[in-house]
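Q: Hey, got a few minutes to go through this one with me? I'd like to ask about some residues and some helix packing.
A: Sure, put it up and fire away.

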Amino acid sequence: MTITAESKFVELVRSWLVSLPHDLKIAFDAMDDENLPRPVRELATGVVIYVVSPNDTVADRNDAPVSYTDDALLLRLALQKGLGKSEDEQAFRDRFPELFEGLEENLKLCRSVMGELMSWLEGKVGTLKGIEYKGKKVPAYLDDDEAREQLFDDGLVFRTDYPVDEKTIGDKLKKAATVVDVMKRRKAEEARAKGMQAS
């Protein structure tokens with residue numbers, strides 16, 4: 001990995017971590033946008049749940065800012081993979097250039113730095129529609145107003161309590177290894193939870 005790739009990656013991840021509360025709002029917009037195909041809305045709902053759900057962060061307080069990296073990345077991967085070529089889907093992308101512009105390039109950079117950890121995250125995109133939260137499956141959050149309201153409130157709490165900003169992340173993230181190590185732990189924890197041997 002070149003020095004420039006590493007410093008670009010670190011800058012990118014820092015900016016994505018700082019903008020996660022805003023990006024979560026975009027995922028909520030995708031979930032609520034009735035012009036988008038149902039599968040896209042379900043994927044957006046799944047990623048919203050993944051982000052707001054407390055058991056999806058790496059359990060390491062010292063790395064708190066970096067522990068949200070999987071959320072920030074997965075949110076982008078899900079929206080990028082989910083949105084197809086239709087006019088409505090393109091219109092949605094056009095509304096949020098801050099998230100979609102240059103996304104392909106940026107994800108390529110992440111792949112070059114993170115290698116198989118990126119494949120592991122990409123593999124999670126397919127599981128998002130099957131995610132359960134507070135005893136309900138994804139479709140319930142689209143079809144049931146009360147469930148949707150609850151998820152929206154949890155999103156608000158997440159955005160209000162989110163502990164990362166320019167200042168907190170400043171001294172916490174200087175090297176790509178910081179992110180990669182946290183992600184490796186996250187992957188190992190998940191493998192342990194599934195009772196599998198982490199490869």
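Q: Where does arginine 111 sit?
A: Arginine 111 is in helix α7. Keep in mind that this is a predicted model.

Q: And is arginine 111 buried, exposed or partly exposed?
A: Partly exposed, because its relative accessible area is 29%, and the partly exposed class runs between 20% and 50%.

Q: What does arginine 111 contact, leaving aside its neighbours within four places in sequence?
A: Arginine 111 is in contact with Leu77, Met118 and Glu122.

Q: How far is arginine 111 from phenylalanine 9 in space?
A: The two are 9.9 Å apart, C-alpha to C-alpha, with their positions 102 residues apart in sequence.

Q: OK, on to helix pairs. What's the packing angle between α1 and α7?
A: About 120°, and the axes of α1 and α7 are 10 Å apart. That angle makes α1 oblique to α7, since the oblique class takes in what is left outside under 35, 65 to 115 and over 145 degrees.

Q: Which hand does the crossing of α1 and α7 have, left or right?
A: α1 passes α7 in a left-handed crossing.

Q: Which residues of α1 and α7 meet there?
A: From α1 you have Ala5, Lys8, Phe9, Leu12 and Trp16. They meet Leu103, Asn106, Leu107, Leu109, Cys110, Val113 and Met114 in α7. By type, the contact of α1 with α7 has ten nonpolar residues, one polar and one charged.

Q: What about α3 and α10, at what angle do they pack?
A: α3 and helix α10, residues 145–161, pack at about 45° with their axes 10 Å apart. So α3 is oblique to α10. The crossing of α3 and α10 is left-handed.

Q: Which residues make the contact between α3 and α10?
A: On α3, they're Arg41, Thr45, Val48, Ile49, Val51 and Val52, and on α10 they're Arg148, Leu151, Asp154, Gly155 and Phe158. The residues of that contact split into six nonpolar, two polar and three charged.

Q: Switching to α12. How many residues does it have, and how far does it reach?
A: α12 covers residues 176–193, so to speak its full 18 residues, and reaches 26 Å from its first C-alpha to its last, close to the 26 Å expected at 1.5 Å a residue.

Q: Which α12 residues are buried?
A: Ala176, Thr178, Val179, Val180, Val182, Met183, Arg186, Lys187, Ala188, Glu190 and Ala191. The buried residues of α12 pack against α1, α3, α4, α7 and α8.

Q: And alanine 193, is it buried or exposed?
A: Alanine 193 lies in α12, and it counts as exposed because its relative accessibility is 70%. The C-alpha atoms of alanine 193 and serine 15 are separated by 30 Å.

Q: What happens just after α12?
A: Glycine 195 takes a positive phi of about 75° there.

Q: Which residue has a positive phi although it is not a glycine?
A: Lysine 134, with a phi of about 50°. Lysine 134 is in the loop between β1 (132–133) and β2 (136–137).

Q: Last one: how many of α8's residues are buried?
A: Seven of its ten, so α8 is mostly covered. The buried ones are Leu117, Met118, Trp120, Leu121, Glu122, Lys124 and Val125, and the buried residues of α8 pack against α3, α4, α7 and α12.

Technical notes. Residues numbered from 1 in each chain as written. Predicted model: local features only at pLDDT ≥ 70, side-chain atom pairs only at ≥ 80, totals over all residues. Heavy atoms only, no water. Helix = DSSP H or I, 4+ residues; strand = E, 2+ residues; numbered from the N terminus. Buried < 20%, exposed > 50% of the residue type's maximum accessible area, 1.4 Å probe, protein only. Contact = heavy atoms within 4.5 Å. Axes fitted to C-alpha atoms, helices over the stretch in contact; angles between N-to-C directions. Left-handed = near helix turned anticlockwise from the far one by under 90°. Nonpolar A, V, L, I, M, F, W, Y, C, P; charged D, E, K, R; others polar.
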